[in-house]
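Good morning, and thank you for coming. Today I shall walk you through one protein model, taking its interior and then one of its pockets.

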Amino acid sequence: FPFPYTPYRIQEQFMEALYGALEAGRVGIFESPTGTGKSLSLICGALSWLRDSEEKKRQEEARLLEGLSPAEPGHPGGTGAAGEPDWVTAFVRSKEERDKVDRLKEEQIRRKKREDRLKKIRNNVQLKYAAKRKRSEEDETKRLLELSKETLSQGAGADVLEQLDHNEEELILAEYESDEEKKVVSGLEEDDDDLEEEHVTKIYYCSRTHSQLSQFVREVQKSPFGKDTRLVSLGSRQNLCVNEEVRRLGTLQLINDRCMEMQKNKHEKKSDEENEGKKRRVSRAVCPFYSYEQMQFLRDEVLVEVKDIEQLVSLGREAKACPYYGSRYAIPAAQLVVLPYQMLLHEPTRSAAGIKLKDQVVIIDEAHNLIDTITCIHSAEVSGSQLCCAHSQLSQYMERYRKRLKAKNLMYIKQILYLLERFVAMLGGNVNQNPGCQTVSQTGTVLKSINDFLFQSQVDNINLFKVQRYCEKSLISRKLFGFVERYGGPATAVKNNKENQKLAGLQNFLLTLQKGSDKEGTLQNPPVEAENDQLRAASPLMQIEGFLSALTNANQDGRVILNRQGTVGQSSLKFLLLNPAVHFAKVVEECRAVIIAGGTMQPVADFREQLLSCAGVDPARVLEFSCGHVIPPENILPIILCNGPSNQQLEFTYQTRDLPQMMDETGRILCNLCNVIPGGVVCFFPSYEYEKQVYAHWEKTGLLTRLATKKKIFQEPKKANQVEQVLVEYAKCIKRCSQAEGQMTGALLLSVVGGKMSEGINFSDDLGRCVIMVGMPYPNIKSPELQEKMAWLDKTMPRAAGQAPSRVLIENLCMKAVNQSIGRAIRHQKDFASIVLLDHRYARPAIFNKLPQWIRERTQVKPAFGSAFAELRKFHRGKLDAL
């Protein structure tokens with residue numbers, strides 16, 4: 001079993017529940033607060049089931065092949081049950097059996113072929129060197145061929161069409177032939193039949209980040225399944241691309257568009273070469289890593305040995321093969337596919353990656369924020385500045401290349417321009433004026449249904465599905481970005497003709513949109529380097545494409561938020577997804593089994609109601625499993641504190657938490673606790689603003705100085721790149737204090753719920769001997785987005801235990817954040833810590849029951865501070881004596 005410190009009882013329960021869910025094809029909600037062992041246990045149990053399943057499948061195939069025999073012919077004069085003659089029924093049955101036998105034999109041949117190939121590669125190391133030598137020879141031949149072509153072409157000059165600059169042809173949109181979906185070229189040549197393999201039953205393991213997945217893959221490599229499991233790690237182009245020219249583009253959308261364009265250039269190359277006698281266009285860039293033979297080699301290497309993303313990228317550079325596509329070619333034959341769950345939950349991305357969920361197993365780990373993730377993936381926001389900027393860029397582009405664009409391209413560009421114009425008008429502005437100078441007459445936030453928004457903006461006559469498909473297929477955002485890069489910067493020399501004179505003001509106008517202007521409307525000119533950085537980062541049309549895609553959702557599943565603030569440039573349009581189940585339903589319907597797992601999943605009502613019930617999942621198919629923590633009961637002391645040292649009731653509502661006496665009482669509690677708690681103390685506040693306010697008050701009253709005598713005080717930074725430095729200094733201080741044994745006993749870390757340190761950080765051992773939660777971090781109930789979500793839930797969901805669904809949502813959002821934060825301290829079986837919840841409302845049954853079971857079972861409610869202080873002092877002194 002993968003849990004090194006876990007009691008056998010918990011391992012057995014976990015594995016039995018997981019195996020049963022996979023065997024029965026259930027939707028499981030698994031909670032296991034056992035640290036990193038949980039992830040490995042999930043996959044070990046799933047792989048054990050997969051091996052048993054494959055063995056059963058092969059035995060069934062063998063039985064069918066042995067048992068199937070030609071059907072006996074019927075009597076010519078008889079009739080079957082359906083009125084057909086017996087000989088017809090017998091013929092049909094015989095044909096079905098023969099087809100089934102042929103299909104099973106083909107599958108066995110493909111499987112044998114794949115296994116033999118991988119075995120040969122695994123056992124014969126010389127094949128790798130032979131393939132590498134062959135690639136080196138091909139590269140040298142290609143380099144010499146290009147050198148000879150350059151020598152021959154010297155002095156001949158480049159063909160120029162309509163006085164366009166060299167290489168400007170790549171900015172022209174290709175002719176858009178049809179509105180219908182075309183068959184997407186997968187990158188395989190027509191004769192690449194050996195890649196069409198059996199699509200085996202597999203497990204898709206998803207987590208939040210690439211770093212978590214890499215850590216998980218390294219654990220799989222060490223496990224008993226590491227040597228003979230066919231594992232594929234998937235990632236975005238941003239993580240897997242090895243073409244430095246493309247990687248330098250920086251943003252994910254630009255990298256995606258450039259990659260797709262280079263693929264397109266590769267497949268258009270043949271048709272260009274056929275027209276030798278005709279006037280040819282200038283050659284377009286083709287990715288040197290996008291080669292079938294090289295990617296076939298990479299695919300086999302991936303299947304032979306388990307590799308994480310970093311190893312996959314290194315192998316791609318060495319083999320000069322694209323890891324992004326090479327890994328995707330390995331999906332059909334893989335047993336375990338590891339990927340970020342954003343890739344699996346977004347259907348277009350899933351389809352592009354070649355992920356087929358039919359009858360497969362999906363495990364979503366770290367799923368406590370699954371609902372928020374789905375909502376975020378399918379929501380979109382664009383600012384007035386981005387809308388005006390995109391309109392200006394696209395207008396300039398159309399004017400320059402109007403004579404070179406085909407009719408359908410012009411038609412769609414005009415439709416996009418009209419959409420942008422109407423969207424800006426909805427914000428109260430005009431696309432022909434500087435958005436930073438246009439004042440909005442009616443400020444505020446307005447929510448509209450999708451249909452109402454489209455009708456009021458007068459774009460309901462435009463087919464958004466076609467416009468969205470056009471943007472995706474034509475790569476217009478990439479062409480537009482290249483156009484702005486070429487003619488937007490002052491360093492680029494543009495010939496002095498009428499069309500270029502029209503472009504002369506483009507750079508200044510774009511800078512005006514991005515930087516704004518002062519009160520007199522004068523332009524603020526930043527340095528040249530800053531201008532170029534802004535242009536490289538600016539891709540407004542790409543953002544707008546996401547908003548157009550969001551508008552294609554069903555009217556009842558989302559809302560459009562018009563946020564009018566100050567100027568048109570500061571205003572924005574946002575699409576808010578209300579029903580995440582519509583995008584999760586297909587995953588649940590197609591998969592054999594779905595496991596939603598996490599260390600802290602409480603409260604699970606959201607998953608049952610908002611995801612599974614709304615997705616149409618039968619309640620009988622849902623399985624809940626929660627196992628206890630690995631620590632013994634005496635290693636944790638959770639306390640709900642109702643009153644402070646001066647008998648001030650602790651209730652941190654929006655109305656009372658800003659009172660000086662409440663902040664003073666909080667400071668006195670911390671001073672007392674820091675006197676008896678060794679090592680590190682982590683104190684969570686509801687928000688950055690409140691933490692800053694309390695810190696300033698303590699500094700003013702001198703309480704901060706009293707705290708600093710026992711604990712060195714650290715504050716959580718807002719910037720992500722500063723978090724690691726603060727944590728290092730925090731850990732060093734605790735270690736130094738434990739060795740010195742002076743007056744200072746450790747450190748106090750002031751953190752924020754939902755911040756950088758409330759998830760994914762391990763405050764194990766002395767780093768977190770006590771976690772203090774100040775108040776209840778309820779979300780901002782005045783937020784328009786939250787109010788709309790609450791109204792939607794009240795309208796669509798039934799009342800639960802006499803509570804309105806909106807009220808349940810608020811409490812669940814609060815307690816999910818609390819449960820994630822207080823679980824940071826207990827990280828392994830021998831760890832110990834205390835948890836102090838500062839607010840009497842935690843003792844209410846509706847709130848108390850939403851604490852994790854392993855905390856709830858051991859929680860003490862203390863009305864007075866004295867008894868709570870005595871318990872905490874006794875607990876920590878006892879643990880120190882034991883150590």
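Let me begin with a term: two residues are in contact, or touch, when heavy atoms of theirs lie within 4.5 Å. Please also keep in mind that this is a predicted model.

Our starting residue is Val818, which is found in helix α31, spanning residues 805-822. Leaving out residues up to four places away in sequence, Val818 touches Met773, Pro777 and Tyr842. How far apart are Val818 and Met776, in sequence and in space? They are separated by 42 residues in sequence, and their C-alpha atoms are 7.7 Å apart. Is Val818 buried or exposed? Buried means under 20% relative accessible area, and Val818 counts as buried because its relative accessibility is 0%.

Helix α31 appears again when we turn to the second largest pocket. This pocket holds about 1400 Å³ of space. Its lining is made up of 50 residues, and those nearest the centre are Tyr778, Pro779, Asn780, Leu786 and Leu813. Several elements give two or more residues to this lining: α14 (370-377), β9 (567-577), α25 (605-613), α30 (784-796) and α31. Which element gives the most? It is α31, with nine residues. Sorted by class, the lining of the second largest pocket comprises 22 nonpolar, 16 polar and twelve charged residues.

Next, I ask you to look at a loop residue, Thr229. Thr229 sits in the loop between α5 (210-222) and β3 (231-233). Although it is in a loop, Thr229 counts as buried, because its relative accessibility is 3%. Which residues does Thr229 contact, apart from its neighbours within four places in sequence? They are Leu47, Arg51, Val306, Gln335 and Leu336. There is also a link to the backbone: a polar atom of the Thr229 side chain lies 2.5 Å from the backbone oxygen of Phe225.

Finally, we come to the nonpolar cores. The largest one has 70 residues. Within this core, the residues with the most contacts are Tyr204, Leu339, Leu344, Leu370, Phe584 and Leu612. Let us take Leu612 as our example. Not counting residues up to four places away in sequence, Leu612 touches Val27, Ile29, Phe584, Val588, Phe607, Val617 and Val622. A second core, separate from the largest, has 53 residues, among them Met398, Leu405, Leu417 and Val459.

To close, I return to helix α31: it contains the buried residue Val818, and it also gives the most residues to the lining of the second largest pocket. Thank you for your attention.

Note on methods. Residues numbered from 1 in each chain as written. Predicted model: local features only at pLDDT ≥ 70, side-chain atom pairs only at ≥ 80, totals over all residues. Heavy atoms only, no water. Core = buried A, V, L, I, M, F, W, Y, C linked by side-chain atoms within 4.5 Å. Buried < 20%, exposed > 50% of the residue type's maximum accessible area, 1.4 Å probe, protein only. Helix = DSSP H or I, 4+ residues; strand = E, 2+ residues; numbered from the N terminus. Polar contact = N/O pair within 3.5 Å; in protein donor to acceptor, adjacent residues only side chain to side chain. 1 Å grid on protein atoms, 1.4 Å probe; cavity = no way out; pocket = protein on both sides within 12 Å on 5 of 7 lines; lining within 4 Å. Points joined across faces, edges and corners; volume = space filled by probe spheres on them. Nonpolar A, V, L, I, M, F, W, Y, C, P; charged D, E, K, R; others polar.
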